[in-house]
Amino acid sequence: MKTIRYLLAVSMLSLGMGCTEKFDEINTNPKSVTVGGLDQSSYGLVVKKAFYGAVFYGDVMPFLRGHAAFTDLYANYQAHTHPDFFSDSFVLNGAWLNEFFTGFYRNAAPQIKYVEDFAVENNYQVEAAMMKVWRVYTYHKITDFWGPIPYSNFGNGEKTVRYDAQDVIYHDFLSTLEAAIEVFKANAGQTSFLGSQDVVYGGKVDQWLKLASTLRLRLAMRIKYVEPELAKTHAEQAVADGVITDNADNGYVTSSIDWPNPYNTITQWSDFRMSADMESVLKGYLDPRVADYYSEAAQPDAADDPAGVVFNYEGIRNGQSKSDKQGQGFNAKASNMAAPYLLVGNKGPNWQLLRAAEAYFLRAEGALEGWNMGGTPEALYNQGVLMSLAEYGHAGTDLLGNDYLTSTRVPVKPDAVTAPASTVPIAYDAGAGKERQLEQIITQKWIALYPDSEEAWAERRRTGYPVLLDRLMSDNPDFTVSDIPRRLPYVSSEFDTNRSAVEEAITLLGGADNGVTKLWWDKK
């Protein structure tokens, strides 16, 4: 009965609180909602919910308001077609951001804290390490939205929940991952008792080691421009401990009918379509992944198809005016996401966490810095490209059957009048300058990350690549059409219920609470 009461309470935390609930109620330590603890078997049910809640946010609306309405657009993977949505032209809608923020702290953070604390208290060493890695993975996306966030103080049960500075958070991330990796190494070859309730790897410790090392490499690279020596140390150790090198070890949260991919719901609402940048790059490269990412447009424009190829995938420019979105028929003229994301009632694709292609691109960038990444920049770049193509069943050729890696093709016009933003080719130019090589690495990484727009947006901010088209218009006076939002403003519910803490957080930013102020690691 105690177990049932706890699970019901967790469900209430995940599904029952509205966006107007006070933060101190959301912030309650989740262990206090039950008079007893879980046993080992029922613990796995909460772990499973912690995995799903952290990537699907327990409800499609927080996902829509954060991931689809902001990061998909600021990564330039999609462009808005709904005439009354303006985040694509840099309107930072406070109500949407509030729903995303509270969605995480209501639906995910309590369970993440509980499953880690429970494992620690019961001396489940492997499971505690897994949950620590999961905590780092989920929170790094949240801090990269806002900067300082409630982190170490979440779950303190107090009415005031102080924020941590982002440098403090990142240092904790890296030390947490370092410790978790040591636990995995000490338990090599073992399988967690969680089994299938671990919806990422089925409890396989060796794969969790690779995920943790790859995440460590990602976060080390994130701080390259602000703490280069620390970045180098963690990046080299991550590679030495063993990152993901094969698609068989890619990390996904396995979707299910009970926990479907949120895109399979929101694609039906026709709020967005393929961006002109994606069309420019994928069409220019004759990239076979286009059919894995997008569907053919209902009304394609054959006039700009590449020679010898029927290319029915169409994009639109980001930052369209309301009148154009009302009158241009973009939903018919441009491409929705690919067929697996359009199946209503289907579980949809698994949700990507970290994959081999990204690990190779991270290593290529590190090698470009002279770090020991186990290969040259060119060799690691080439392996990243091939690994991404193989992930979708492609053998390394373009849409005409020619070798992809040696292609000198470049992005092309997405329409009759718009010049491509970039001239970067596929074939790695080892003789070019460092920045040109970095642009090549990040451009292919941007393609391979799809649809992980949170990471793609972070990389655009960190590196300035890929070079993409300007917005057609900006409805926010803080931004020109060529800008990239650097963060999102803090939300109204925090000012209503946690004001002193959020005001202190603003002092940690080093700038105004707006979309222009750069995060701690954004120093290039």
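**Exercise 1. Leu286: buried or exposed, and where does it sit?**

Solution. Leu286 is buried, with a relative accessible area of 0%. Buried means under 20% relative accessible area, exposed over 50%, and partly exposed in between, using a 1.4 Å probe and protein chains only. Leu286 lies in the loop between α12 and α13. Helices (H or I, at least four residues) and strands (E, at least two) are DSSP runs, numbered from the N terminus. Now the backbone: Leu286 has a positive phi of about 50°, although it is not a glycine.

This is a predicted model: local features need pLDDT of at least 70, side-chain atom pairs count only at pLDDT 80 or more, and totals for chains, interfaces and linings use all residues. Residues are numbered from 1 along each chain as its sequence is written, and side-chain values use heavy atoms, with hydrogens and water left out.

**Exercise 2. Find the helix just before Leu286 and state how many of its residues are buried.**

Solution. Step one: Leu286 comes just after α12. Step two: α12 covers residues 276-284. Step three: nine of its nine residues are buried, so α12 is largely enclosed by the rest of the structure. The buried residues include the charged-side-chain positions Asp277, Glu279 and Lys283. Ala276, Met278, Ser280, Val281, Leu282 and Gly284 are buried too. Step four: the buried residues of α12 pack against β3 (272-274), α13 (290-293) and α18.

**Exercise 3. Describe how α18 packs with α19.**

Solution. Two packed helices are described by the angle between their axes and the distance between the axes. Begin with the ranges: α18 is residues 434-449 and α19 is residues 453-463. Their axes come within 9 Å and cross at roughly 165°. Axes are lines fitted to C-alpha atoms, for helices over the stretch in contact, and angles run from 0 to 180 degrees between N-to-C directions. That angle makes α18 roughly antiparallel to α19. The bins are under 35 degrees for roughly parallel, over 145 for roughly antiparallel, 65 to 115 for roughly perpendicular, and oblique for the rest.

Next, the hand. α18 passes α19 in a left-handed crossing. A crossing is left-handed if the near helix is turned anticlockwise from the far one by less than a right angle, and right-handed if clockwise.

Then the residues. α18 contributes Ile442, Lys445, Trp446 and Leu449. α19 contributes Glu455, Ala456, Glu459, Arg462 and Thr463. Contact means heavy atoms within 4.5 Å. By class, there are four nonpolar, one polar and four charged residues. Ala, Val, Leu, Ile, Met, Phe, Trp, Tyr, Cys and Pro count as nonpolar; Asp, Glu, Lys and Arg as charged; and the others, Gly among them, as polar.

**Exercise 4. Which peptide bonds at Pro451 and Pro466 are cis, and where do these prolines lie?**

Solution. Take Pro451. A cis peptide bond joins Tyr450 to Pro451, with omega about 0°. Pro451 is in the loop between α18 and α19. Now Pro466. The bond from Tyr465 to Pro466 is cis, with omega near -5°. Pro466 is in the loop between α19 and α20 (492-497).

**Exercise 5. Place Leu362 and list what it touches.**

Solution. Leu362 is found in helix α16, residues 356-368. Leu362 is buried, at 0% relative accessible area. Not counting residues up to four places away in sequence, Leu362 touches Thr214, Leu217, Arg218, Met221 and Lys445. Lys445 also belongs to the α18 side of the contact with α19. For distance, the C-alpha atoms of Leu362 and Ala448 are separated by 12 Å, and the two residues are 86 apart along the chain.

**Exercise 6. Check the length of α7, then look at Tyr139 within it.**

Solution. α7 runs over residues 125-146, 22 residues in total. At 1.5 Å a residue it should span 32 Å, and its end C-alpha atoms are 32 Å apart, which agrees. The expected span is 1.5 Å times one less than the number of residues. In α7, 20 of the 22 residues are buried, so the helix is largely enclosed by the rest of the structure. Tyr139 is in α7 and is buried, at 4%. Beyond four places in sequence, Tyr139 touches Phe104, Tyr105, Ala109, Ile149, Pro150, Tyr151, Phe154 and Phe173. Just after α7, Gly147 takes a positive phi of about 100°.
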